[in-house]
Structure formats: C-alpha cells, structure tokens
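Trainee: Could you walk me through reading a fold, one feature at a time?
Mentor: Gladly, let's open the model and take a look together.

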Amino acid sequence: MWVKMAAASLLLWAAPVIAEETAKAPQNAAAKTVGNAPDTMGTLLSLGAGLLAVIAVIYGCAWIIRRMNGMTGMNNNAIKVVSVMAIGARERIALIEVGGQQILLGITPSAIRTLQVFEEPVVDAGNPNSGDFAKRLQSMIGKSWTAPSKE
C-alpha cells in the first residue's frame, strides 16, 4: 500500500516539472540546448529521496511508540491474572488477584462484572494449576455447581 501511495505522490509531484519542460521545449530539435533544460532526473531523485525520508521517519515514530507502550512507569505487578476459563464462545471467567484479595470476574464482549470477591486467596497465584480450584471455589461461595433438580 505504501509503495502505491509513494509512486502516486511521486507522479503528482513530478507532473508539473514534466509539463513545464514540454511547454518550454522549442519546436525545432536543433534549437534545444542542454543548458536550458531542467534537470528532471535530479528533481525526481530529490523528490524520491525526500519521500523515502518521510516514510522512514513515520515508521521510526511508530516503532518508538510501540516500544514505549510498556514503559508507562506504572507498577504492573499490582494486578495478577491467576486463572482464566472459557465458558462459551465469547464468555470467560477470570480469577485475578489485587492487593491480597482474589476477585472472580465474568467477562463478556459487552461487559465485565464482579461475580465474587474473596478475602483470602482461593488459589495460590504462583501455582494456578491446582486441580482443586472448583472445589475450593464451591466451598467459598457456598453453592452447589450441580444443576437444580426438577421437583
């Protein structure tokens, strides 16, 4: 895409120079002198080099912004994602740890909701792959994970 834009802008910038050269050109080829003809190739090379320099500056700025995105100076260790589990195609539940508390979040494409706040850790943040997460979560919430029975 950039190449096409560069070529189009180069042609737009060079068009007045080419038009001026053809307008000034005498009808008689013998009357043409090398001293009066504008340096079209030099102008095109100068414009092309300038265009490449501008494109390089734009890419350089984008690279610097990407690199500095993580250097905000804030402490990113304050929030830890302990565990995430997919519930549906676009729905997830996540257990995060903030300030010694663990929070169970429900995440959908349109909202994030707090499901439960645990005062004491349910899962060790250093070892999130423990197999008894569901059992400990069930005991902390105090609800059964089974479907309600029909009476």
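What follows is a conversation about the fold, the sheet and the surface of this predicted model.

Trainee: Let's start with the overall fold. Which pattern does the protein chain follow along the sequence?
Mentor: A good habit is to list the elements before looking at how they pack. Here the protein chain has three helices and four strands, and reading along the sequence gives α-α-β-β-β-β-α.

Trainee: Now the sheet. In what order do the four strands sit, and is the pairing parallel or antiparallel?
Mentor: The order is E1-E2-E3-E4 in an open sheet, with antiparallel pairing. Strand E1 (79-86) and strand E4 (112-118) are at the edges with a single partner strand each, so one side of each lacks a neighbour in the sheet. On average, neighbouring strands are turned by 25° against each other, direction ignored.

Trainee: How many bridges join E2 to E3?
Mentor: Bridges are a handy way to follow the register of two strands. Strand E2 (residues 92-98) and strand E3 (residues 101-107) are joined by seven bridges and run antiparallel. To trace the register, take Ile-93, whose bridge partner in E3 is Gly-106, and then Val-98, which stands opposite Gln-101 in E3.

Trainee: And which residue takes a positive phi in the hairpin of E2 and E3?
Mentor: That is Gly-99, with a phi near 55°, in a hairpin that has two residues between the strands.

Trainee: What about the other side of E3: how many bridges join E3 to E4?
Mentor: Six bridges join this antiparallel pair. Ile-103 stands opposite Val-117 in E4, and the hairpin of E3 and E4 has four residues between the strands.

Trainee: How should I think about the side chains along a strand?
Mentor: In a regular strand, side chains alternate between the two faces of the sheet. As for cover, E3 is mostly covered, with five of its seven residues buried.

Trainee: How much of the whole protein chain is buried?
Mentor: Buried residues, those under 20% relative accessible area, account for 15% of the 151 residues. For contacts between residues at least 6 apart in sequence, 20% join residues at least 24 apart.

Trainee: Finally, the surface. Which residues make the nonpolar patch?
Mentor: Begin with the total: the protein chain exposes about 12000 Å², and carbon and sulfur atoms supply 62% of that. Trp-63, Ile-64 and Met-68 make a nonpolar surface patch of about 330 Å². To locate the patch, look for Trp-63 in helix H2 (residues 40-68).

How values were computed. Residues are numbered from 1 along each chain as its sequence is written. This is a predicted model: local features need pLDDT of at least 70, side-chain atom pairs count only at pLDDT 80 or more; totals for chains, interfaces and linings use all residues. Side-chain values use heavy atoms; hydrogens and water are left out. Buried means under 20% relative accessible area, exposed over 50%, partly exposed in between (1.4 Å probe, protein chains only). Contact means heavy atoms within 4.5 Å. Accessible areas come from the Shrake-Rupley method with a 1.4 Å probe; for residues, only the protein chains shown count as cover. Patches are made of residues with over 30% relative accessible area and no salt bridge: like charges are joined within 9 Å, nonpolar side chains (Val, Leu, Ile, Met, Phe, Trp, Tyr) within 5 Å. A salt bridge is a side-chain nitrogen of Lys or Arg within 4 Å of a carboxyl oxygen of Asp or Glu. Two strands pair if DSSP finds at least two bridges between them. Axes are lines fitted to C-alpha atoms, for helices over the stretch in contact, and angles run from 0 to 180 degrees between N-to-C directions.
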